[in-house]
Structures are given as structure tokens and as C-alpha cells.
Amino acid sequence: MTQDVKEIFGSPGGSLAAKVRTLAPSMTRSMHRVAEAVASDPAGCAALTVTGLAELTGTSEATVVRTARLLGYPGYRDLRLALAGLAAQQQSGRAPAITTDIAVDDPIADVVTKLAYEEQQTLADTAAGLDTAQLGAAVGALAGARRTDVYGIGASGLVAQDLTQKLLRIGLIAHAHSDPHLAVTNAVQLRPGDVAIAITHSGSTGDVIEPLRVAFEHGATTVAITGRPDSPVTQYADHVLTTSTSRESELRPAAMSSRTSQLLVVDCLFVGVAQRTYETAAPALAASYEALAHRHRTSPR
């Protein structure tokens, strides 16, 4: 590859830079000319049509499109957008990163790969840091509970709903509360033998802490699922289940990354409870499947 390509794409230009360097050996000479052109003048090339770039490089439109696809873009239009972003970056001196690892010019296939890797890391970190003694104690309390209340707001509220739906499917009484007033009024009714679970990534969400405190003071067994084991919510928790504190970014905020680890903990709780209550859980699960089966069958015309 020429010095121009190495220098320009070697600057903070995201995945496009790495792709050009990596794929240069597999380019034909005509494709190489296209790569040199976009490297030497990304802003100028971004303003050109596919025909204009083909004429500029003495190649064909098909070659320009093949070059774009080799670089990982569906077509030339997508490459032009990436070049425009690179040009803006060079003018401002700032990297065009939208997240820590995902650049504005990343092809969607790269976005999928990077997010999948991040999800895997989040799950692995959560599993490695999960206290199985605390988990076992929480499972035991849930398995024998008269009633379970789960508190969560926003994305954590979705996880709370997921847990309660799972518990209901195996015949247990469970309620998810995202309304803070309703959560507190229900927490007042809890007593020893009941379980209250608070789900909060930050561990400092007041609307979740308050009902857990009320449940704790009324003698219920309390569980906190949080990314901060030293946060305020834990002072009212008999058992603390810690989730991964994944990196936060503009397009992947804590509400998104924390949900992955919270769902793993919820699944662990559910499976543990189902194991402990298998004699009643299995028939209840089968009955719920049967009750919904007709909704999944194709109706005759």
C-alpha cells in the first residue's frame, strides 16, 4: 500500500483504516487506485458519485462498488457516508466514535460482532463475580415464599417483569412493581416468609430502595440485584447478587448493558427455584404451556 493510504487511514479513522490496511494485499490494481483516492481525499471522494470516482481513478463503476464491498460496506453509498465522517473527523481532529468500540463508519456486520462480544464479556464477568452462596440462599427463600414482590424502574423494570412471569409459570405468586407508590403500599403487606427483590444497576434508585426498605422492616426476606455491592440498596438486603458493571457509552448506556447481566441472574434464580420445587413446578409449567398452545397453532381457514 502507498504511504498516503497508510498515513491517512492510520490516523484515528476507526475500522475503515484497519480494513484498508488488512485488505490491501487482496485488492486488484484498479481497486488499489480506488483505495488510494479515498485515502488521499476522503472529503472530495465523499462528494463524488460512483461514476465520478470511477472516472477519477480510471476504473469502472463495478470496481468502485467491489472496493466498497471488500471494505465491508453494502454499497458505494455507505462508503461515501463513511468517508464523509472521516473527513469531518480530520477537520475537527476528533475521532468519530459513537461508543467506546463502535465507530460511526462501522458496517452493521461489525456492530453485530462487537455487541455480541460485549454481551459475552458481560455474561462472563457476571458469572465470575456472582456469589453462589448468596444465590443459593436467595433461591431457598424464593422456593419457600408465600409471595414475592419484585421492584424495578425503567430497563430494570423489564427484568422485574421477566422474573415474575417465570415464577408465575411454575405456580408461584409473584408481582412486579414499577410504580413506586404501588410498590410501597404492597411492601407494607409483606411479612416473614415473603420475599422482596430490588433490581437496580446503580443501587441508588430511590423508587426501588424505598419499597425494599419497607419490606425489610416488615420482616420479609430481601434481595438486591445490583452492579454496586456497596450501594445504598444493599443496606436493606439480606442477600446481594452482584451484576457486571459493563462499560457505558452513548449508544450503549448502562440501562442496556446492565440488562444483560440482570437477566442472567434472573435466569439463575428461576432455574434454581424450579429445581427446588420440581415436583410442583414441572406440572405447573406443563399446564401453562398447554393453556397457551392453541394460541400458537395455525387457525383453519
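Author: Let us start with a term: a residue is buried when its relative accessible area is under 20%, exposed when that area is over 50%, and partly exposed in between (1.4 Å probe, protein chains only). This is a predicted model: local features need pLDDT of at least 70, side-chain atom pairs count only at pLDDT 80 or more, and totals for chains, interfaces and linings use all residues. Residues are numbered from 1 along each chain as its sequence is written, and side-chain values use heavy atoms, with hydrogens and water left out.

Reader: Thanks! How many residues of β1 are buried?

Author: Helices (H or I, at least four residues) and strands (E, at least two) are DSSP runs, numbered from the N terminus. T148, V150 and G152 point one way from β1, while D149 and Y151 point the other way, and all are buried. β1 is thus mostly covered, with a buried count of five of five.

Reader: In which element of the chain is confidence lowest?

Author: Confidence here is pLDDT, the predictor's own score for each residue, from 0 to 100. The chain averages 82, and 81% of the residues score at least 70. Strand β3 (residues 195-199) has the highest mean, 98. At the other end, with a mean of 39 over residues 3-10, is helix α1.

Reader: How many contacts beyond four places in sequence does the model have for residues 1-15?

Author: A contact means heavy atoms within 4.5 Å. Residues 95-100 stay under a pLDDT of 50, and the model has 19 contacts beyond four places in sequence for them. pLDDT also stays under 50 over residues 1-15, and there the number of such contacts is 39.

Reader: Now the whole chain: what share of its residues count as buried?

Author: The chain has 14 helices and five strands. Among its contacts between residues at least 6 apart in sequence, 70% join residues at least 24 apart. Of its 301 residues, the share that counts as buried is 45%.

Reader: Which strands stand at the edges of the sheet?

Author: Two strands pair if DSSP finds at least two bridges between them. The open sheet of five strands is ordered β2-β1-β3-β4-β5, with parallel pairing. Two of these strands have a single partner each, so one side of each is left without a neighbour in the sheet: they are β2 (174-177) and β5 (239-242).

Reader: Which residue in β5 does I225 stand opposite?

Author: Strands of a sheet pair through backbone hydrogen bonds, either parallel or antiparallel. Here, four bridges join β4 to β5, and the two run parallel. Four bridges likewise join β1 to β2, also parallel, with T148 opposite A174 in β2. In β5, the residue opposite I225 is L241.

Reader: What angle does the direction of α10 make with that of β1?

Author: Axes are lines fitted to C-alpha atoms, for helices over the stretch in contact, and angles run from 0 to 180 degrees between N-to-C directions. α10 packs on the sheet, touching β1, β2 and β3, and its direction makes with that of β1 an angle of about 160°.

Reader: And which strands does helix α11 lie across?

Author: Helix α11 covers residues 180-187. It runs at about 155° to β1 and lies across β1 and β2.

Reader: Which element supplies the largest share of the largest nonpolar core?

Author: A nonpolar core is a set of buried Ala, Val, Leu, Ile, Met, Phe, Trp, Tyr and Cys residues joined through side-chain atoms within 4.5 Å. The largest one has 28 residues, and I197, L241 and L269 have the most contacts inside it. α9 (132-143), α10 (155-169), β3, β4 (221-226) and α13 (254-276) each supply at least two of its residues. The largest share, six residues, comes from α13.

Reader: Is S261 buried or exposed?

Author: S261 has its place in helix α13. Leaving aside neighbours within four places in sequence, S261 is in contact with T122, T126, T243 and S244. Its relative accessible area is 0%, so S261 is buried.

Reader: How far apart in space are L86 and V104, C-alpha to C-alpha?

Author: L86 is found in helix α7 (residues 76-92). With a relative accessible area of 2%, L86 is buried. L86 and V104 are 18 residues apart in sequence, and their C-alpha distance is 9.0 Å.

Reader: Finally, what is the relative accessible area of A109?

Author: A109 lies in helix α8 (residues 108-129). From A109 to P74 there are 35 residues in sequence and 9.9 Å in space, C-alpha to C-alpha. A109 is partly exposed, because its relative accessible area is 48%.
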